[in-house]
Amino acid sequence: MRVYRYEENPLITPSDVKPYHDGFEVIGAFNAGVAEYNDEIIMLLRVAERPISENPKIVKAPIYNPKSKELEIVTLSTDDPHYDFSDPRTIGTNELGEGWKYLTSLSYIRIARSKDGHNFTVDPEPFIYPSNDLEAFGVEDPRVTQIGDEYYIYYSAVSSVGVGEALVVTKDFKTYEHLGMIFAPENKDVIIFPEKINGKYYALHRPVPKSNGNPEVWIAESDNLRYWGNHKWLFGLRAGKWDDGRIGGGAVPIKTEKGWLELYHGATTDHRYCMGAVLLDLEDPTKVIARSDTPLMEPTAPYEANGFFGGVVFSCGALVHGDTVKMYYGVADTSMACCEMSLEEILNSLTYI
Ligand code: MAN
């Protein structure tokens, strides 16, 4: 597989983004959804900010309060045996349940614009900022599907009651209508197909079952993009392969003659994130036709291997022009990059089932 990484990579880094909050620093500008709007390429950047801490033993967790519309800061000491600080992204606890309790940063979505797809200018203000209790810990990893002149943007809504997926719709990337949470916790990596198939909208989603089952990809259908049902399990983890830890959809499915091509991420159990592809039947996307046995892309460039959370390539959007797939992707939970691949080469690289 030939992968051409842009020479300008990383295209956007945290230092290109001015903090929105006083006393905060930007630690991530990554995992952006992409869209073409008028004559611009729009990146919906996930910007992660955290309160500056002068003392390395003090960790400050930012939380949005929808009543006051202000951020509140929970201050914790790394000496406190009650908490677990081993993952830089989260703060764990020994309390009831097993998950984490706080995030170490708050994410929101900011637009970056470009004419050529290489050089981007970041808007000065957030575009989608937390707006309700279910988004109190932030909004993350947006994807965008264009349907007619409407752009549906969906993202992880994170709060103390779990991580679900919320939907908004815009026509101008200035204002939007919030349509609420479409997939309840725990669910991430929702990917809405760009057109109806046999009269139904389809979406990939990635629940995290608890008593049994694994974080794997499911598919659901809808008449109106708001209410989703007829859920089916679609594809799963593969022991001993690059995607044996967790998987989730990445870019909006690409319509090809051979089927719907989905670029998805797969991680090993030790959190190394690669990108691969799966091909779904054109007429019935609940059927898997082919899949990558080995990754299309691995985190090998220095900016992919090292960063806030190294060893991660994570795409939330790609643009296709002719045979060229321009895959935008977050690197190391820190910055944004782009690479080009041939559509035909991707299709030929898959193992047909
Ligand atoms: C994981 C990572 C983080 C993210 C949280 C909550 O820990 O993907 O980047 O903030 O989940 O979604």
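Visitor: Which residue of β26 stands opposite M327?

Guide: In this predicted model, the residue of β26 that stands opposite M327 is C339.

Visitor: What makes β25 and β26 a pair of strands?

Guide: Two strands count as paired if at least two bridges are found between them; strand β25, residues 324-331, and strand β26, residues 335-342, are joined over 8 bridges in the antiparallel sense, so the criterion of at least two is met.

Visitor: Why is one side of β1 and of β24 left without a neighbour in the sheet?

Guide: The open sheet has 4 strands in the order β1-β26-β25-β24, with antiparallel pairing. Because β1 (4-5) and β24 (313-321) stand at the edges, each has a single partner strand, and one side of each therefore has no neighbour in the sheet.

Visitor: How do you know that R46, E140 and K188 make polar contacts with the ligand?

Guide: The cut-off for a pair of N or O atoms is 3.5 Å. A polar side-chain atom of R46 lies 3.1 Å from an oxygen atom of the ligand, one of E140 lies 2.6 Å from a ligand oxygen atom, and for an N or O atom in the side chain of K188 the distance to a ligand oxygen is 3.0 Å, so each pair qualifies as a polar contact. Of the 300 Å² of accessible area that the ligand has on its own, the protein covers 85%.

Visitor: What makes up the shell around the ligand?

Guide: The shell divides into 3 nonpolar, 1 polar and 4 charged residues, and the residues around the ligand include W100, L103 and V158. Trp, Leu and Val count as nonpolar, so these belong to the nonpolar group. The space that the ligand takes is the largest pocket.

Note on methods: Residues are numbered from 1 along each chain as its sequence is written. This is a predicted model: local features need pLDDT of at least 70, side-chain atom pairs count only at pLDDT 80 or more; totals for chains, interfaces and linings use all residues. Side-chain values use heavy atoms; hydrogens and water are left out. A residue is near a molecule or strand if one of its heavy atoms lies within 4 Å of it. A polar contact is a pair of N or O atoms within 3.5 Å; within protein, one must be able to donate a hydrogen and the other to accept it, and residues adjacent in sequence count only if both atoms are side-chain atoms. Accessible areas come from the Shrake-Rupley method with a 1.4 Å probe; for residues, only the protein chains shown count as cover. On a 1 Å grid over the protein atoms alone, a cavity is a set of points where a 1.4 Å probe fits but cannot get out, and a pocket is an open set with protein on both sides within 12 Å along at least five of seven lines; lining residues have an atom within 4 Å of a point. A molecule sits in a cavity or pocket if more than half of its atoms lie within 2 Å of its grid points. Helices (H or I, at least four residues) and strands (E, at least two) are DSSP runs, numbered from the N terminus.
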